[in-house]
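User: Can you walk me through this fold? Short answers are fine.

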Amino acid sequence: ILSVTTSSGQILDADTRYGKLVELAMSVMTEACRMMLKRYSNVLVISAEGNHDISGSIWLRKHIKHIFADEPRLTVIDNEYPYYAYLHGKTMLGFHHGHKMKLATLHKLFASEPRFRSMWGKAEYAYLHTGHFHHERLIEDGGAIAEMHPTLSGRDAYAARGGYVSARGAKIITYSKTDGEIARSTVRPRM
C-alpha cells in the first residue's frame, strides 16, 4: 500500500505497515467511545471523509458501528455523503473535512441540501466545522458560523518543504440545546 493521498497522489509521511495503522486507529476510536459513554448519556460519532484516506473513514465508521451495535446510547452517522449534520435542540452542527467545498460557501450547502434543509429551518443557531488546511479561520455569514480548525499533528515533510506553518491545537466547544455555543477551550500541544 502506497503512502499517498487517495485523491491527488501526494506523498505522505507514514509508517509502511498499514495493518498497524488500522489496528491503532480502531483501538483509539473504540477506547474513546468507551470513555465518552462512561461520562455522557449519549454519544454521537462522525468519522468524516477526508482527502488523505477516503477508505479509512469508511472502515473506521463501520468498525465503531459494529462494535457498539448493541449500545443504544451511541449513534454513528453512517452515510457515503462527505457532509454530516446533527440537530442538537435548536443548535445545528455541521461537519465537512473541507476538501470539497470552501469554508466561505459551506453555509449555502447546508441551507439548501435536501438532507439538511429541514434541520437548518428548525435551528436557531448553525455551526459548521472543517479542517483540511490545518489553519484557524472563522467566518460568520448566511446565518451560520463556519470554522476551520487547526491540526494536532506536527509538520510532515510535505508541510516543511512547502513552507506551511500553522499552530497545532484542538478545540473543545460546548453547545447548548437552546443557546448555541456557550463555552470554548483550546488545547495546544508542546512542540
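**Helix over sheet**

Analyst: Helix α4 (residues 114–122) lies across β3, β4, β5 and β7, and runs at about 30° to β3. Axes here are lines fitted to C-alpha atoms, for helices over the stretch in contact, with angles from 0 to 180 degrees between N-to-C directions. Contact means heavy atoms within 4.5 Å. Helices (H or I, at least four residues) and strands (E, at least two) are DSSP runs, numbered from the N terminus.

User: Anything I should know about the model itself?

Analyst: This is a predicted model: local features need pLDDT of at least 70, side-chain atom pairs count only at pLDDT 80 or more, and totals for chains, interfaces and linings use all residues. Residues are numbered from 1 along each chain as its sequence is written, and side-chain values use heavy atoms, leaving out hydrogens and water.

User: OK, the sheet. What is the strand order?

Analyst: β3-β4-β5-β7-β6, an open sheet of five strands with mixed pairing. Two strands pair if DSSP finds at least two bridges between them.

User: Which strands are at the edges?

Analyst: β3 and β6 (137–141); each pairs on one side only. The twist averages 15° from one strand to the next.

User: Do β3 and β4 run parallel or antiparallel?

Analyst: Antiparallel, with five bridges joining β3 to β4 (residues 91–95). A85 has G94 as its bridge partner, and Y84 has F95. The two strands form a hairpin with two residues between them. G89 in that turn has a positive phi of about 65°.

User: And on the other side of β4?

Analyst: β4 and β5 pair in the parallel sense, over five bridges. M92 partners A126 in β5. β4 is mostly covered, with four of its five residues buried. Buried means under 20% relative accessible area, exposed over 50%, and partly exposed in between (1.4 Å probe, protein chains only).

User: How many bridges join β5 to β7?

Analyst: Four; strand β5 (residues 125–130) and strand β7 (residues 144–148) run parallel. Y127 is the bridge partner of I145 in β7.

User: Switching to α2. Which residues are buried there?

Analyst: G56, S57, L60, R61, H63 and I64. They cover an arc of only 160° around the axis, so they sit on the same side of α2. The arc is that of the directions from the helix axis to the C-beta atoms.

User: Why would spaced-out residues share a side?

Analyst: An α-helix has 3.6 residues a turn, so residues three or four places apart point the same way.

User: What covers them?

Analyst: The cover for the buried residues of α2 includes α1 (18–39), β1 (43–45), β2 (74–76) and β3 (84–88).

User: R61 is on that buried list. What does R61 form a salt bridge with?

Analyst: D78, with the closest N and O atoms 2.7 Å apart. A salt bridge is a side-chain nitrogen of Lys or Arg within 4 Å of a carboxyl oxygen of Asp or Glu. The pair links distant parts of the chain: R61 is in helix α2, and D78 is in the loop between β2 and β3, 17 residues apart. R61 counts as buried because its relative accessibility is 2%. D78 is partly exposed, at 24%.

User: Any other partner for D78?

Analyst: K62, in a salt bridge at 2.8 Å, N to O. K62 is partly exposed, with a relative accessible area of 37%.

User: How many salt bridges are there by this rule?

Analyst: The count comes to 12. E136, E147, K171, E181, R184 and R188 are linked in a network.
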